[in-house]
Amino acid sequence: MSLFRLPTAALALSLLAGCMAMPARDDGEWAPTPPMQPEVAAAPADGAIYHDNQNMELFSDARAHRVGDILTIVLVESTQASKKASTSTSKKDKADVAAPTIMGKDLTINGNPLSVGLDSERNFDGSGSSSQSNQLTGQITVTVAQRLSNGNLIVRGEKWLTINQGQELVRIAGIVRPQDIGQDNTVASTRVADARISYTGRGTLADANTRGWLSRFFNSKWMPF
């Protein structure tokens, strides 16, 4: 591969990665899950208003527990991480080889003894530090996609916001225990197991806050210099 083709391929990959940053809006995987429709036998024509085989849960808990039920997740995510590393090494070598002797006399060339000396010294100092903090608050309502055999609920959902000249997308998926759901049918995001939370955006503001493709190339691993 020529030196010209390598940067060209890297630029194409950078552009492709930038185009795939925002998910599609009509993604079937994140579509709301409809409730399962049980097979209900026809009510006997006996003139009664209420029948046992009809789904009238007058005294049941209103919290989500079935496929298709709605659940509100309260986003209370807050993370903070820091890392610091420092390395220092030093090495010094020295070796001297005396001139050989022949019949008790040092071997010389033009009067200079053939002695050999080697002296080397190497030093390395490196340090680095990194810190990051994130915070996400709000609420997002999701649907129950599946009920596991142990009673836990697999939930997922998304929220699209179109504000002025941009769009914001919040997605969350995970597993919720029915015991963690409050009486108001809400659960904290910290109680969601295997949680996958994403918050992205696109539009004028997102474009202004994103580096250009040429700048991304010069700061990528594809840059040979």
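Biologist: Let's start with the strands. How many bridges join strand 1 to strand 6, and in which sense do the two run?

Modeller: Strand 1 (residues 70–97) and strand 6 (residues 116–147) are joined by 28 bridges and run antiparallel. Keep in mind as we go that this is a predicted model. To follow the pairing by eye, pick single partners: Ser-78 has Gln-135 as its bridge partner in strand 6, and Lys-94 stands opposite Asp-119 in that strand.

Biologist: What joins strand 1 to strand 9?

Modeller: Three bridges do, and here the strands run parallel, with strand 9 covering residues 186–188. Look for Val-74, which stands opposite Ala-188 of strand 9.

Biologist: Which strand order does the sheet have?

Modeller: The order is 9-1-6-7-8-10, an open sheet of six strands with mixed pairing. Strand 9 and strand 10 (193–203) are the edge strands; each has a single partner strand, so one side of each lacks a neighbour in the sheet. On average, neighbouring strands of this sheet are turned by 25 degrees against each other, ignoring direction.

Biologist: And how do strand 6 and strand 7 pair?

Modeller: They pair in the antiparallel sense over four bridges, strand 7 being residues 153–163. One pair to find is Thr-143 and Arg-156, the latter in strand 7. The two strands form a hairpin with five residues between them, and Gly-151 in the turn has a positive phi of about 95 degrees.

Biologist: Now pockets. What is the general idea, and which residues line the second largest pocket?

Modeller: Rolling a probe the size of a water molecule over the atoms shows where empty space is left. In this structure, the second largest pocket has a volume of about 200 Å³. Its lining consists of Glu-29, Trp-30, Ile-154, Val-155, Arg-156, Ala-173, Gly-174, Ile-175, Asp-194 and Arg-196. Strand 7, strand 8 (166–176) and strand 10 are the elements that give two or more residues to this lining. By class, the lining has five nonpolar, one polar and four charged residues.

Biologist: Which elements have the lowest and the highest mean pLDDT?

Modeller: The general idea first: where pLDDT is low, the predicted coordinates should not be read in detail. For the chain, the mean pLDDT is 77, and 73% of the residues reach 70 or more. Among the elements, helix 1 (residues 5–19) has the lowest mean, 48, and strand 9 the highest, 95. Over residues 13–20 the pLDDT is below 50, and this stretch has four contacts in the model beyond near neighbours in sequence.

Notes: Residues numbered from 1 in each chain as written. Predicted model: local features only at pLDDT ≥ 70, side-chain atom pairs only at ≥ 80, totals over all residues. Heavy atoms only, no water. Pairing = 2+ DSSP bridges. Axes fitted to C-alpha atoms, helices over the stretch in contact; angles between N-to-C directions. 1 Å grid on protein atoms, 1.4 Å probe; cavity = no way out; pocket = protein on both sides within 12 Å on 5 of 7 lines; lining within 4 Å. Points joined across faces, edges and corners; volume = space filled by probe spheres on them. Nonpolar A, V, L, I, M, F, W, Y, C, P; charged D, E, K, R; others polar. pLDDT = per-residue confidence, 0-100. Contact = heavy atoms within 4.5 Å.
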